[in-house]
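Subject: Handing over a structure, with notes on what was found in it

Dear colleague,

I am passing this structure on to you, and I would be grateful if you looked through it with the notes below at hand. They start with the term that the later remarks rely on, and then go from the overall picture to single residues.

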Amino acid sequence: MISYDPLWNTMKRKGISQYRLIHDFGVSAGQISRLRANQNVSTHTLNFLCQILQCELSDVAMFIEDTPQEDE
């Protein structure tokens, strides 16, 4: 699973709000919603966020290995 939890910490550290992403940089509200829900986003969006925040991909997203469910 990909988690975008690092994004929110990076935004806070860089002083960039969701409002600024939408209104100053043109990120769609729908993309913000997808990021909040850890849903799929394009690599274009990830690249754009890294450019805006001047950071590495690891500052925006991280991989969390899925835990296999045991059969009952």
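A residue is called buried when its relative accessible area is under 20%, exposed when it is over 50%, and partly exposed in between. L57, at 45% relative accessibility, therefore counts as partly exposed. Please keep in mind throughout that this is a predicted model.

Overall picture

The protein has four helices and two strands, and from the N terminus on these elements follow the order β-α-α-α-α-β. Its C-alpha trace spans about 50 × 20 × 20 Å along the principal axes, and 31% of its 72 residues count as buried. Of the contacts that link residues at least 6 apart in sequence, 66% join residues at least 24 apart. The UniProt record, an unreviewed entry, carries the annotation "domain: HTH cro/C1-type" for residues 7-60; over that stretch the chain is 61% helix and 0% strand, with its end C-alpha atoms 4 Å apart.

The nonpolar core

In soluble globular proteins, nonpolar side chains tend to be buried together. Here the largest nonpolar core has 18 residues, and those with the most contacts inside it are Y4, L7, L21, L35, L53 and V60. At least two residues of this core come from each of α1 (5-14), α3 (29-36) and α4 (43-53), and it is α4 that gives the most, with five residues. L35 shows how separate parts of the sequence meet, since, with residues up to four places away in sequence not counted, L35 touches Y4, L7, W8, V41 and L49. As for the aromatic side chains, the structure holds zero aromatic pairs, but R36 lies over the face of W8, at 3.9 Å from the ring centre.

Helix α1

The buried residues of α1 are P6, L7, W8, T10 and M11, and what covers them includes β1 (2-3), α2, α3, α4 and β2 (62-63). M11, which is placed in this helix, has a relative accessibility of 3%, and because buried means under 20%, M11 counts as buried. Leaving out residues up to four places away in sequence, M11 touches I16, S17, Q18, L21 and L53. The C-alpha atoms of M11 and T43, on the other hand, are separated by 18 Å, with these positions 32 residues apart along the chain. Just after α1, G15 takes a positive phi of about 75°.

Helix α4

In α4 the buried residues are T45, L46, L49, C50, I52 and L53. These residues lie on the same side of α4, because they cover an arc of only 165° around the axis. They pack against α1, α2 (18-23) and α3, whereas the face of α4 turned away from the buried side carries the exposed residues T43, H44 and Q51.

The loops on either side of α4

Most residues other than glycine have a negative phi, and two residues in these loops are worth a look in that respect. N38, found in the loop between α3 and α4, has a positive phi of about 55° although it is not a glycine; N38 is partly exposed, with a relative accessible area of 25%. Q54, in the loop between α4 and β2, is likewise not a glycine and has a positive phi of about 50°, and this residue comes just after α4. With a relative accessible area of 67%, Q54 is exposed.

The loop between α4 and β2 is also the place of L57, the partly exposed residue mentioned at the start. Leaving aside neighbours within four places in sequence, L57 is in contact with L46 and C50, both of which are among the buried residues of α4. L57 and T45 are twelve residues apart in sequence and 11 Å apart in space, C-alpha to C-alpha.

With kind regards

Note on methods
Residues numbered from 1 in each chain as written. Predicted model: local features only at pLDDT ≥ 70, side-chain atom pairs only at ≥ 80, totals over all residues. Heavy atoms only, no water. UniProt positions renumbered as here; feature names shortened; annotations may be inferred. Core = buried A, V, L, I, M, F, W, Y, C linked by side-chain atoms within 4.5 Å. Buried < 20%, exposed > 50% of the residue type's maximum accessible area, 1.4 Å probe, protein only. Contact = heavy atoms within 4.5 Å. Arc of directions from axis to C-beta. Phe/Tyr/Trp six-rings, centres within 6.5 Å; stacked < 30°, edge-to-face > 60°. Lys NZ or Arg CZ within 6 Å of the ring centre and 35° of its normal.
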